[in-house]
Protein chains: 4
Amino acid sequence: MSATKEEIVAFMALEFPQAKYKVEAVGDNRSTLSHDIGIDELRPGGTVSGPVLMSVADVAIYVAILGTIGIVPLTVTTSLTINFLRKPSAKARIIAECTLMKVGRTLIVGEVSLYSEGSDDRVAHVVGTYSVPPKRDEVTL
Amino acid sequence: MSATKEEIVAFMALEFPQAKYKVEAVGDNRSTLSHDIGIDELRPGGTVSGPVLMSVADVAIYVAILGTIGIVPLTVTTSLTINFLRKPSAKARIIAECTLMKVGRTLIVGEVSLYSEGSDDRVAHVVGTYSVPPKRDEVTL
Amino acid sequence: MSATKEEIVAFMALEFPQAKYKVEAVGDNRSTLSHDIGIDELRPGGTVSGPVLMSVADVAIYVAILGTIGIVPLTVTTSLTINFLRKPSAKARIIAECTLMKVGRTLIVGEVSLYSEGSDDRVAHVVGTYSVPPKRDEVTL
Amino acid sequence: MSATKEEIVAFMALEFPQAKYKVEAVGDNRSTLSHDIGIDELRPGGTVSGPVLMSVADVAIYVAILGTIGIVPLTVTTSLTINFLRKPSAKARIIAECTLMKVGRTLIVGEVSLYSEGSDDRVAHVVGTYSVPPKRDEVTL
């Protein structure tokens with residue numbers, strides 16, 4: 001029913017070929033991702049851009065879902081709420097820690113805390129909801 | 001700078017005279033509240049009504065703020081996002097556990113996990129933002 | 001497929017017997033509700049309480065859904081985001097104007113603008129999502 | 001106090017040098033932006049990626065703010081909520097129409113409707129909040 005980290009990494013490479021995150025851990029309704037910060041992720045002034053944070057959080061929830069219900073295509077984000085809490089460091093990787101709060105038949109809700117690596121203070125917090133097909137056809141890669 | 005539980009309870013009794021929650025604990029950017037469930041809080045079918053959950057969460061963040069920055073009037077809710085996760089029990093108290101994620105100069109952001117007492121599964125999750133006056137005049141009751 | 005205003009009013013009287021709103025209009029993915037403001041809706045200082053605004057908005061979306069897909073039980077709020085924009089008048093009714101933005105097979109998303117009657121400035125804005133059963137059994141009252 | 005479209009375009013080119021949107025109109029608490037869709041904006045299957053939609057909406061609110069209060073640095077996004085409503089076309093530009101709902105002393109709230117050009121149905125809806133310095137030092141370019 002659930003997918004392994006290797007299966008998820010292979011699937012995500014097909015789905016998001018340009019993405020620069022790395023799946024650090026997945027399983028048990030959770031996931032941890034990291035994202036390198038380079039010139040493409042920064043805005044003038046040295047802030048990590050908001051869309052990068054949203055994007056990493058979105059993928060972290062998606063990965064946690066795949067790890068929980070298996071590789072189910074047609075899983076789509078239906079909503080996402082982000083609160084920006086602190087200015088992220090321009091020199092540290094972004095770490096995303098996701099917990100699924102609800103795994104329902106058609107709706108899954110996850111939350112993500114985002115950190116600059118090496119700090120315990122969250123730079124942002126995300127809640128995302130995902131729609132999954134009621135009858136799920138799992139895919140074997 | 002911060003307020004004690006007793007000061008907060010006295011202040012809240014003036015601000016929300018009809019409210020039926022109880023402050024269980026407050027301090028260190030956190031608060032725990034409980035709310036009895038009776039006929040007024042239920043909808044036909046035995047569900048705790050959504051506005052009751054929103055209301056308890058809103059107050060829990062407010063209490064955590066007072067416990068952190070002191071009794072500061074003019075603190076107002078600017079936004080609140082609630083995700084309903086599970087049907088709450090009609091027979092158990094609602095427990096709200098709040099953590100402040102950011103305590104800024106003009107903006108405070110808190111999150112609240114809501115439970116039916118005796119269960120570890122959240123029935124709802126709330127993120128709320130509050131505006132506080134930049135220059136704070138604390139009140140002594 | 002859709003329900004008339006009279007059918008909705010009868011159904012809502014069973015579902016929310018204590019509610020004090022009035023359905024002013026419904027149809028075409030829209031609804032308009034009003035809510036009287038009395039001592040129960042006010043906080044010290046003369047502000048309409050936040051939970052009253054959230055509650056009216058929640059019901060406005062529910063009414064617009066019933067007017068669009070018919071009286072479908074098991075329709076439940078899954079999330080609600082409110083932004084408080086201005087202090088509502090203590091002396092005017094609250095008017096809620098709802099538009100459904102998406103009517104999907106399992107998910108419906110609506111937005112609500114809330115006004116103090118007589119003013120064109122919104123006091124709050126709400127986005128709510130509702131889960132509906134994929135296969136809908138309509139109810140005839 | 002407010003900035004012209006030309007001033008805003010010049011400022012945004014400095015702030016977001018890589019961005020691919022175009023400011024179509026700005027003024028009177030509103031803005032309209034367009035964004036070309038190419039291979040970088042698409043995911044496998046031909047959907048415009050979620051982060052692109054969030055990013056365009058974020059910028060649309062920022063542009064509307066600059067058009068209203070002038071070129072004020074230190075204006076930062078504090079929260080953003082997006083609801084994905086329909087699959088955007090892979091072949092049409094994204095059009096973002098922003099309205100500011102509240103322009104406060106320290107907080108500005110805007111909403112954005114996103115369309116695939118040529119369609120009247122929204123593909124997504126965004127509400128964003130921005131923090132502005134209480135005492136604003138405007139910049140002349």
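This report walks through how chains D and A meet, and how chains C and D are related, in a predicted model.

## The contact between chains D and A

Let's start with the numbers. Chain D and chain A each bring 20 residues to their contact. About 1700 Å² is buried between the two chains, and carbon and sulfur atoms give 52% of that area. Three elements of chain D each supply at least two residues of the side that touches chain A: α1 (5–15), α2 (50–69) and β5 (76–84). The largest share, eight residues, comes from β5(D). By residue class, this side of chain D holds 10 nonpolar, seven polar and three charged residues.

If you are looking for salt bridges between chain D and chain A, the count is zero. Polar contacts are found, though: five residue pairs across this interface, with both residues at pLDDT 80 or more.

## Strand pairing across the interface

Strand β5 of chain A (residues 76–84) is joined to β5(D) by five bridges, and the two strands run antiparallel. For a place to begin in your viewer, try A:Ile82, whose bridge partner in β5(D) is D:Leu80.

## How chains C and D are related

Now to another pair of chains. A turn of 180° with a shift of 0.0 Å along the axis lays chain C on chain D, with an RMSD of 0.0 Å. This is the relation of a two-fold axis. Among the residues of chain C, C:Thr81 comes closest to the rotation axis, with its C-alpha at 4.1 Å.

Of the interface residues of chain C, 93% are also interface residues in chain D, so the copies meet through the same surface.

Technical notes
Residues numbered from 1 in each chain as written. Chains lettered and ligands numbered in written order. Predicted model: local features only at pLDDT ≥ 70, side-chain atom pairs only at ≥ 80, totals over all residues. Heavy atoms only, no water. Contact = heavy atoms within 4.5 Å. Buried area = accessible area lost by both parts, 1.4 Å probe. Salt bridge = Lys/Arg side-chain N within 4 Å of Asp/Glu carboxyl O. Polar contact = N/O pair within 3.5 Å; in protein donor to acceptor, adjacent residues only side chain to side chain. Helix = DSSP H or I, 4+ residues; strand = E, 2+ residues; numbered from the N terminus. Nonpolar A, V, L, I, M, F, W, Y, C, P; charged D, E, K, R; others polar. Pairing = 2+ DSSP bridges. Least-squares fit on C-alpha atoms with pLDDT ≥ 70 in both.
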